[in-house]
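Trainee: I am new to this structure and would like a close look at a single part of it. Could you take me through one place slowly, and then through what lies around it?

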Amino acid sequence: MKNIYLDYAAATPVDKDAFSAALPYYKKLFYNPSSSHACGQIAAAAVERAREKCAAAINASPSEIYFTSGGTESVNLAFNSAPKSAHIAVSAIEHDCAAECALRHEKNGGTVSRVMPTTDGIVTPEQLKQAVNRDTGFVCIMAVNNIVGSIQPVNELATVAHGAGAMFFTDAVQAVNCMDIDVKAWGVDMLALSGHKFYAPKGVGILYVKKDIKPVPMSVGGEQERGVRAGTLDVPAIVAMGVAIEKAVSCASEYRAHVKQVSTAFLSELKYGSPVECASRADDIVSVSFAEQNVNGGRLAVALSLGGVCCSVGSACSAGSATPPPALVAMGVERPDCSVRFSFGRQTTIEHAVKAARVVNRTVERFLK
């Protein structure tokens, strides 16, 4: 059996239209967009067209879009813009990147409150209200959790943050495919996206920064990205990302209906394990707990890979860690070390989902013998 890939939350294939759009900028139109001559301005114009597409996809202005190398850099840049000595609040279910940024803030003399979710994976406005105070300058809560897919009430959380006089940042890396992103309706001050989560290349991302906020650079050098992010822009990847995000938004309804069918088919075929329940969840991510069968998630994921099903225990960034995903721990999931994450995408068929579930069933049965 060919491998069945159920790890789209880790990486998606590059969309064919995005790939085709990028190709000329690798070869014929290879120019540096910072060059002032006519050739350079061809590349610069392509970058700006992509910026317009990215801005339109999230209801932002082009001047509020900064291109980065991906979600990690975008998150770091957002945290770098937080007041240095201020109190910050982050959720306990953030991606490792944001969690590490919060830890660095503490080490540098700031204070941090970690906001716990409910048992169904939601950070409520009431919980955030208890965590913020008059010294809070920055709040970070992700829009969609990358392990369990829980969808957070971003607009309400941003309102609480602003009521305390703090900036509100959301890691929306996992959100493009499963929900409509509207930075104005959400009321966010900063927002991070990563291309390889929505069928753009790896190594390119976005940081949205509201027009009245000046982000603080992490590296100095040239004046690229209005002095905020020095370094030559990856024109082909940026062009591809513009096409990919435009397509993701235009095909959103079709995509969501598809992954809902696939997720339902997968869970219906499973004989073992229980999905980790969320009050509101993206259909393209499901974590399944095998605590009742006393099957370790890491061992099961390895066995499934050998059986042709590619899934994960946590985020790809934390691969190799012996620690269970913090989101599961924070939610109070029983035996979080017994969970496996399955995530679906455009190329996942119902047939794939059913076959994969049957492989899971057979593999778990071998562990039970």
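Mentor: Before we begin, one term is needed: a contact here means heavy atoms within 4.5 Å. Please also keep in mind that this is a predicted model.

Let us take T170 as our starting point, a residue that lies in strand 6, which covers residues 167-171. T170 has 0% relative accessibility and, because buried means under 20% relative accessible area, T170 counts as buried. Leaving aside residues up to four places away in sequence, T170 touches I141, M142 and A143, then V154, and further along the chain W186, V188, M190, L191 and A192.

From T170 we can move outward along the strand pairing. Strand 6 runs parallel to strand 5, and three bridges join the two; within this pairing, F138 stands opposite M167 of strand 6. Strand 5, made up of residues 136-140, has five of its five residues buried, and so it is largely enclosed by the rest of the structure. Strand 5 also pairs with strand 3 (residues 87-91), again in the parallel sense, over four bridges, and there A89 has V139 of strand 5 as its bridge partner.

Another way outward leads through L191, one of the residues that T170 touches. Not counting residues up to four places away in sequence, L191 touches I58, F169, T170, A172, I181, V183, W186, I206, L207 and Y208, so you will notice W186 in the contact lists of both T170 and L191. The largest nonpolar core has 73 residues, and F67, L191 and L193 are the ones that touch the most other members. Helix 8, residues 235-250, supplies the largest share of this core, with ten residues. There is also a second, separate core of 30 residues, which includes F266, V295, V354 and V364.

For contrast with the buried T170, consider Y26, which is exposed, with a relative accessible area of 51%. Y26 sits in the loop between helix 1 (16-22) and helix 2 (38-57), and together with V14, F19 and L23 it forms a nonpolar patch on the surface, whose accessible area comes to about 390 Å².

Finally, elsewhere in the chain, three strands form an open sheet in the order 9-10-12, with antiparallel pairing. Strand 9 (274-275) and strand 12 (339-343) are its edge strands, each pairing on one side only, while strand 10 (residues 285-289) pairs with strand 12 over five bridges, with V288 opposite V340 of strand 12.

How values were computed: Residues numbered from 1 in each chain as written. Predicted model: local features only at pLDDT ≥ 70, side-chain atom pairs only at ≥ 80, totals over all residues. Heavy atoms only, no water. Buried < 20%, exposed > 50% of the residue type's maximum accessible area, 1.4 Å probe, protein only. Patch = residues over 30% accessible without salt bridge, like charges linked within 9 Å, V, L, I, M, F, W, Y side chains within 5 Å. Areas by Shrake-Rupley, 256 points an atom, 1.4 Å probe, with all protein chains shown as cover. Salt bridge = Lys/Arg side-chain N within 4 Å of Asp/Glu carboxyl O. Core = buried A, V, L, I, M, F, W, Y, C linked by side-chain atoms within 4.5 Å. Pairing = 2+ DSSP bridges.
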